[in-house]
Amino acid sequence: MYNFDVERPGTVADAAAAMGREDAQALGGGQTLIPTLKQRLASPSVLVSLTGIAEMAGVCTTDDGQVAIGGATTHGAVARDAASLYPGLAGLASHIGDPAVRNRGTIGGSLANNDPSACYPAAALGSGATIITNTRSIAADDYFQGMFTTALEEGEIITEVRFPVPEVSDYQKFVQPASRFALVGVFVAKYAGGVRVAVTGASNDGVFRWSEAEAALSSDFSADAVKGLSLSGDNMISDLHGTGAYRAHLVGVMTGRAVTNAA
Amino acid sequence: MPKDSGIGASTKRREDVRFLTGAGNYTDDINIRGQAHVYFLRSDVAHGTLDNVDTSAAEGMPGVVKIFTGADFEAVGGMPCGWQVTDKHGEPMQEPKHPVLAHGKVRHVGEPIAAVVADTLAQARDAAEAIVVDISDLPAVIDMKAAVSDGATKVHDDLTSNLCYDWGFVEENKAATDEAFDKAAHVTTLELVNNRLVANPMEPRVAVGDYARGTGDHTLYTTSQNPHVIRLLMGAFVLGIPEHKLRVVAPDVGGGFGTKIFHYQEEAFCTFAAKACNRPVKWTSSRTEAFMSDAHGRDHVTRIELALDAENNFTALRTETYANMGAYLSTFAPSVPTWLHGTLMAGNYKTPLIYVNVKAVFTNTVPVDAYRGAGRPEATFQLERVIDKAARELKVDPIALRRQNFVTEFPYATPVAVEYDTGDYVATMDKLEEIADLSGFDARRKASEARGMLRGLGVNCYIEACGIAPSNLVGQLGARAGLYESATVRVNATGGLVVMTGSHSHGQGHETAFPQVIADMIGIDESMIEVVHGDTANTPMGMGTYGSRSLAVGGSAMVRATEKIIAKAKKIAGHILEASDEDIELKDGTFSVAGTDKSLAWGDVTLAAYVPHNYPLEDLEPGLEETAFYDPSNFTYPAGAYACEVEVDPETGKVTIEAFTAVDDFGNVVNPMIVTGQVHGGLAQGIGQALLENCAYDENGQLLSASYMDYAMPRADDLPFYQVDHSCQTPCTHNPLGVKGCGEAGAIGSPPSVVNAVVDALQSAGKDVTHIDMPLSPARVWAAMQ
Ligand SMILES: Cc1cc2nc3c(=O)[nH]c(=O)nc-3n(C[C@H](O)[C@H](O)[C@H](O)COP(=O)(O)OP(=O)(O)OC[C@H]3O[C@@H](n4cnc5c(N)ncnc54)[C@H](O)[C@@H]3O)c2cc1C
């Protein structure tokens, strides 16, 4: 690590102000950022810790029935507190990393980082969530812009994420054997207006919606409906743990399983 | 009735109290007043000429004490290799220089180029970033077969090629073996890879060098499995420090698995720099450094052929193996694919003709050396896989084929130079069939299939050789060291004992098991006995712990020393009791005169030894302390039979282990609980190799699996509840305890049964899959099914 200052604001306004300092960087649970600092791969001059901001923590239901999660809410809290409100989302949160990771890591940190193998991006995109920052609201469909790339501006803070609650949903994660991130993860959510299917872990472009599966499932919500569909492995991640073709195949299998589990 | 103390009792591990309550004393816990820290600047290029290392900008940075480069070590010997292999033409292996810090060239990612000693680690790291290194890249030599092809880039310019040696074993058997293949009714051939592994002990390596200016004494604290070996190698060959001016201490060590046997540059550096800087110098490896500087394991590519006659008797075995040495020869690297591998190729079978060819190859990768099992897992894997394949080809039951070819008469001289003293392979296989409930497999397969899963059963046998010995033989085979073990038993005046052993415990439980043996011999409580190990200043010269040798060799030395103690104590008792020492009996800690009611307590005799008022001073020296060095006459040969049941998800290729049974014959067992624990750990590593672990390089020599994000370690939920049995016991005939060694068995015996089981599962679904290279990741299994 290089040396840095730490700010611990108590409000979003103070946090936003602190983020104005030169080379400031937001610190959520530190599960991604701290290892990066230890490796000396980043050198912020000030870390703005968001986990002491009460208005950014917790799970609640909004007036229009959405589940709202504070940007600094830990995965563990979501797993616990969203269990009855949005079981598919809580289930996803309960399988991120290990207990230590879940008790530190935050939804805002995960979405800001947008790791191509992370779980939350699939839930946010698969639910058509809204990412709310200190300055604006961003629809999930506009938010994810490729591996480690998002619509966030420099210094912008995710304060809350709002999830429309589906009739049924499920997340199927096929773990990469070493990291246990998603080698392929598929989030399926069935809404009155149609089905959304979001895929993480697989594509070189990061999380994406599988529109063919959405169309098929919107007319027939069953695993059989996606059996005949296939994706090309061409633009899929190919690494030590699996080829693009394997990942493409897994997307189909995991989608079918998510539908079966959700239905 | 299970015993509650002494040999055969599952005494709880006394050392665990300190390990589990944070009271251990590991090398990183050692901080010496005034110590400085070293940061090694390591190569991020696999192969290149080191044109310039400019430290000028770094020299004046805050906290910097001194910066070292390869030039500072030109006058110093290189890192030594402890085993010389002679090739099939009678020529010695090619042995490259191995500098402490890279000089002239860098040869693998992670090789240290410069070392910065500074007041703090952060300062050392800051300064290292200011060092400018110019490297002209050379093509990386990664693939072993390409490395030994004509015109290949050379890893070492001063060697004739990248071939370290081309070893034939037994060369005199070659013609007869080839002939047997010509006459065979059936030949089964298999090409396979034994995947490269990283040992990953929980505690990374640490070295602290200290130098006493007043006396000129050096001390090195290090994470080692064998401090005396480090003292000898580093003192005699690298730094030229005589043993009496060098103390090496390996305190509590958090796992070794082989990778802490070897002498590493960082140890030599810290010892050297402590004097050069006149300050203690400390290095603690980061996990990232461990991946690219701890010696790796395995990494063989093999073609094996098995010849059978018309009755399915094995008639000959022939192998060709490429063994990766990495960029330099680590301490015992040459011995692993040869004497620890070729000698085991007979396995549990009476194959009359065997020829093993091994080509050891230099590549631009981290040096490869012994890792739990070392050579024996590679031998077992090939043999037990090819037998399984043969059974399939011949459409015979794989267990029956094994049974038919078992060695059944002992002692048995194999065609690969070793003689098995005892064993009962039929008994272990019978036991396996019983407790693994193999007859119930078909029903379990049906139940799995009803859930859409493929179920497979894999069985294999193994034999291994532990307690490598005797010294005069291994000397002929190229060892540059003896392989005895030592113990000093010191009895204190009030009757307590200290055993100073040359063995070293880094998790094995010596502090518990060794006292169990002595407690039985004397008839006193285990708590009266303490084990001291790991410090060259207070233990006799010993060879340390690896190759499952501690109890068989080190324990035997301890028994011999204790026998001397008892013999002397009997003389003292005889004198006091006015009887001949031949008439003195020792039982339950009491000396008595046979046929009388005259007796003396153990403590009375030990006190007399140190307060020799009524004592035969003319005939006997006072005191009660004895040392023994024990050099065994043969290896020990633990053996067993393992069964693995897997489920394969046909849609994803994911393998789960549903059941695993290990039946081992370890001879006599001192502490069954510790033995079970050793088998559990070995199985975790063997299953880890079979399903998960994969140390992979890309074609440029970059380590792809350089962290736990990509290197998959086995975790608790990857593993089943094992069934472990060691009730089949054929005691070793040539050590006083009748023990064989249990530390490596699990890692040696488990990979083939896992792979056999997966192949069986896929075959059950009509897939024409005869082999999949480890690790059997979901992606590989799925690809094999397509
Ligand atoms: C062992 C381990 C296993 C893991 N397994 C999984 C897994 O299975 N699935 C998975 O999805 N993830 C996994 N993770 C990642 C984990 O979920 C992290 O918590 C997450 O990626 C980052 O969240 P954080 O709160 O720790 O963010 P930090 O590490 O603190 O920050 C990450 C990035 O986000 C920025 N940031 C943080 N909070 C905000 C905010 N509110 N607004 C704007 N920017 C912000 C930071 O500046 C930084 O750039 C794992 C991590 C570890 C260490």
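B:Asp437 sits in the loop that links α11 (425-435) to α12 (441-450) of chain B, where helices (H or I, at least four residues) and strands (E, at least two) are DSSP runs numbered from the N terminus. This is a predicted model, in which local features need pLDDT of at least 70 and side-chain atom pairs count only at pLDDT 80 or more, while totals for chains, interfaces and linings use all residues. Residues are numbered from 1 along each chain as its sequence is written, chains are lettered from A and ligands numbered from 1 in the order in which they are written, and side-chain values use heavy atoms, with hydrogens and water left out.

Back to that loop. B:Asp437 is not a glycine, yet its phi is positive, at about 50°. With a relative accessibility of 35%, B:Asp437 counts as partly exposed; on this scale buried means under 20% relative accessible area, exposed over 50%, and partly exposed in between, using a 1.4 Å probe and protein chains only. B:Glu578 is another non-glycine residue with a positive phi, here near 55°. Its place is the loop from α15 (550-577) to β22 (584-587) of chain B, and at 68% relative accessibility B:Glu578 is classed as exposed.

A positive phi also turns up right after helix α9 (residues 376-394) of chain B: the residue that follows α9(B) is B:Lys395, with phi near 55°. As for the helix itself, its 19 residues should span 27 Å at 1.5 Å a residue, and the end C-alpha atoms are indeed 27 Å apart, so the two values agree. The expected span is 1.5 Å times one less than the number of residues. Most of α9(B) is covered, with 16 of the 19 residues buried.

Just ahead of that helix, B:Asp369 is part of the loop between β15 (353-362) and α9 of chain B. B:Asp369 counts as buried, with a relative accessibility of 2%. Contact here means heavy atoms within 4.5 Å. Setting aside residues up to four places away in sequence, B:Asp369 touches B:Phe262, B:Ala295, B:His296, B:Gly297, B:Arg298, B:Ser330, B:Thr331, B:Phe332, B:Ala333 and B:Val336. By contrast, B:Thr596, 227 residues from B:Asp369 in sequence, is 59 Å from it in space, C-alpha to C-alpha.

Two helix pairs in chain B come next. Helix α17 (residues 672-691) packs against helix α18 (residues 745-764) at an angle of about 40°, and their axes are 7 Å apart. Axes are lines fitted to C-alpha atoms, for helices over the stretch in contact, and angles run from 0 to 180 degrees between N-to-C directions. The two helices are therefore oblique to each other; angles under 35 degrees count as roughly parallel, over 145 as roughly antiparallel, 65 to 115 as roughly perpendicular and the rest as oblique. On the α17(B) side the contact is made by B:Val679, B:Gly682, B:Leu683, B:Gly686, B:Ile687, B:Gln689, B:Ala690 and B:Leu691, and on the α18(B) side by B:Gly746, B:Ala747, B:Ser750, B:Pro751 and B:Val754.

The second pair is helix α6 (residues 227-239) and helix α7 (residues 265-277) of chain B, whose axes come within 11 Å and cross at roughly 65°. That angle makes α6(B) roughly perpendicular to α7(B). Here B:Ile230, B:Met234, B:Val238 and B:Leu239 of α6(B) meet B:Glu267, B:Ala268, B:Thr271 and B:Phe272 of α7(B).

Chain B also has some cis peptide bonds to flag. One runs from B:Phe169 to B:Val170, with omega near -5°, and B:Val170 belongs to the loop between β7 (163-169) and α5 (174-183) of chain B. Another cis bond joins B:Met774 to B:Pro775, again with omega near -5°; B:Pro775 is in the loop between α18 and α19 (778-785) of chain B.

Two more buried residues round things off. B:Thr55, in the loop between β2 (48-54) and α2 (56-59) of chain B, counts as buried at 13% relative accessibility. Beyond residues up to four places away in sequence, B:Thr55 touches B:Ile67, B:Thr69 and B:Ile131. B:Val132 is 77 residues away from B:Thr55 in sequence, but the C-alpha atoms are 6.6 Å apart. Over in chain A, A:Ala93 is in helix α4 (residues 87-94) and is buried, with a relative accessible area of 0%. Neighbours within four places in sequence aside, A:Ala93 is in contact with A:His75, A:Val78, A:Ala79, A:Arg102 and A:Tyr120.
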